[in-house]
Amino acid sequence: MTRIFVITLLLFSSHVSAFSVEWISLTTTERNGNPLNIHGNSVIEYRNAGKGGIDWTVTGDGPTGGRGIRELWLFDDSAAGIPGTSQAATSFSVASNSVGFVMAGDHNDGFAQFFVDGIDVGTYDMYRGGNRILVVTELDSAVHSLRIVQLGLHNPSSTKGDVAIFGGAAFNMPISPVPEPQVYAMLLSGLILLGFIVKRRKQAIALQVL
């Protein structure tokens with residue numbers, strides 16, 4: 001019965017905090033690098049990153065730059081004697097179940113750490129890894145926040161740890177329907193009945209042996 005109870009708890013909790021992460025190529029963009037859709041699903045809000053941050057708030061002691069309204073650059077200038085890291089953060093105004101970090105092609109040479117709603121979703125070597133989107137799906141439908149941290153680190157093939165950002169995208173992915181509470185109640189009842197039958201069968205076998 002203990003095993004049955006544990007299995008039931010897992011069934012109840014398995015979908016609570018799960019999310020999926022993948023990198024995809026940046027395609028079908030507007031002039032400023034804004035993706036029009038992700039995985040065939042329309043972007044419902046785009047938070048533009050450009051010089052100075054625009055829709056993003058930039059903090060930290062590392063130097064920053066950019067290219068107009070198209071790209072935000074978080075520089076690692078430790079080779080020039082100006083060490084330091086920086087980060088950029090933004091929040092959406094609409095609820096969604098999926099988000100994307102849209103990374104620019106230039107000035108991506110170092111390691112970047114990514115957060116959704118304050119939860120670490122991965123640290124990646126961005127060397128020659130621009131024009132891609134870090135897609136985070138299977139989130140709860142809510143208003144999400146994004147944060148990117150330029151760590152001031154790079155691999156031996158790179159000479160600096162710069163990170164470049166186009167922006168952030170919110171969109172909705174179709175989701176499988178979550179079972180209603182009645183379904184879980186029926187499942188639990190079935191598991192209890194199964195455990196009762198197994199117990200009675202063991203008792204019957206024990207009596208036959210005697």
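Biologist: In which sense do strand 8 and strand 13 pair, and over how many bridges?
Modeller: This is a predicted model. In it, strand 13 covers residues 163-171. Its pairing with strand 8 is antiparallel, and the count is 6 bridges.

Biologist: Which residue in strand 13 stands opposite Met-103?
Modeller: Met-103 belongs to strand 8, residues 98-103. Across from Met-103, in strand 13, is Ile-165.

Biologist: How many bridges join strand 8 to strand 11?
Modeller: Strand 11 spans residues 132-137 and runs antiparallel to strand 8. One facing pair is Gly-100 and Val-135. The bridges joining strand 8 to strand 11 number 5.

Biologist: Is strand 8 largely enclosed or largely open?
Modeller: Buried means under 20% relative accessible area. By that cut-off, 6 of the 6 residues of strand 8 are buried. The strand is therefore, with respect to the rest of the structure, largely enclosed.

Biologist: Which residues of strand 8 point the other way from Ser-98, Gly-100 and Val-102?
Modeller: In a regular strand, side chains alternate between the two faces of the sheet. Ser-98, Gly-100 and Val-102 point one way from strand 8. The other way point Val-99, Phe-101 and Met-103.

Biologist: How many helices and strands does the chain have?
Modeller: Strands 8, 11 and 13 have come up already. The whole chain has 2 helices and, for strands, 13.

Biologist: What share of the chain's residues count as buried?
Modeller: The chain has 210 residues. Its accessible surface comes to about 11,700 Å². The share of residues that count as buried is 39%.

Conventions. Residues numbered from 1 in each chain as written. Predicted model: local features only at pLDDT ≥ 70, side-chain atom pairs only at ≥ 80, totals over all residues. Heavy atoms only, no water. Buried < 20%, exposed > 50% of the residue type's maximum accessible area, 1.4 Å probe, protein only. Helix = DSSP H or I, 4+ residues; strand = E, 2+ residues; numbered from the N terminus. Pairing = 2+ DSSP bridges. Areas by Shrake-Rupley, 256 points an atom, 1.4 Å probe, with all protein chains shown as cover.
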